[in-house]
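Student: I am new to this structure and should like a close look at a single part of it. Please begin once the sequence and the model are in view.

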Amino acid sequence: MKTEDIHILIVEDSPTQALQLQQTLMQHGYRVDVRYNGESALNFLNEQIPDIIISDIIMPGISGYELCRRIKSI
């Protein structure tokens with residue numbers, strides 16, 4: 001599988017950290033989407049299923065742990 005075939009979702013409430021990670025991954029050829037909270041990530045997952053999800057743990061609203069629990073139940 002080529003890196004451009006791999007779709008990654010970043011869930012990170014810090015725009016600075018999300019952008020830095022997104023740019024690094026995109027420089028290596030990955031397709032990357034960013035969501036800034038768990039609710040937005042869950043809405044995104046209703047539309048698309050990425051190959052990899054990278055999530056912050058401590059976020060307002062839905063924590064990274066809760067997001068993982070909900071994703072596992074999809």
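Student: Which residue forms a salt bridge with Glu66, and how far apart are the closest N and O atoms?

Tutor: The model is a predicted one, and the answer is to be read with that in mind. The residue is Arg70, whose salt bridge with Glu66 brings the closest N and O atoms to 3.0 Å apart. Both residues belong to helix α3, where Arg70 and Glu66 are four residues apart, about one turn of the helix. Salt bridges that share partners join Glu66, Arg69 and Arg70 into one network.

The other link in this network is between the side chains of Arg69 and Glu66, which meet in a salt bridge of 3.2 Å, taken from N to O. Arg69 and Glu66 are three residues apart in helix α3, and therefore about one helical turn separates them. The structure as a whole holds two salt bridges.

Accessibility adds to the picture of these side chains. Glu66 has a relative accessible area of 26%, so it is partly exposed. Arg70 is likewise partly exposed, because its relative accessible area is 34%.

Helix α3 spans residues 64-72, and Tyr65 also lies in it. Tyr65 counts as exposed because its relative accessibility is 52%, and the limit for that class is over 50%. On the surface, Tyr65 joins Ile57 and Ile58 in a nonpolar patch. Together, these three residues offer about 340 Å² of accessible area.

For the wider setting, one may turn to the sheet. Three strands make up an open sheet in the order β2-β1-β3, with parallel pairing. At its edges are β2 (31-35) and β3 (52-55), each of which pairs on one side only. From one strand to the next, the twist averages 20°. Strands of a sheet pair through backbone hydrogen bonds, either parallel or antiparallel. Strand β1, residues 7-11, runs parallel to β2 and is joined to it by five bridges. Within this pairing, Ile8 has Val32 of β2 as its bridge partner. Helix α2, residues 38-47, packs on the sheet and touches β1, β2 and β3. The direction of helix α2 makes about 155° with that of β1.

To return to the part requested, Glu66 is the residue that Arg70 meets at 3.0 Å and that Arg69 meets at 3.2 Å.

Conventions. Residues numbered from 1 in each chain as written. Predicted model: local features only at pLDDT ≥ 70, side-chain atom pairs only at ≥ 80, totals over all residues. Heavy atoms only, no water. Patch = residues over 30% accessible without salt bridge, like charges linked within 9 Å, V, L, I, M, F, W, Y side chains within 5 Å. Areas by Shrake-Rupley, 256 points an atom, 1.4 Å probe, with all protein chains shown as cover. Salt bridge = Lys/Arg side-chain N within 4 Å of Asp/Glu carboxyl O. Helix = DSSP H or I, 4+ residues; strand = E, 2+ residues; numbered from the N terminus. Buried < 20%, exposed > 50% of the residue type's maximum accessible area, 1.4 Å probe, protein only. Pairing = 2+ DSSP bridges. Axes fitted to C-alpha atoms, helices over the stretch in contact; angles between N-to-C directions. Contact = heavy atoms within 4.5 Å.
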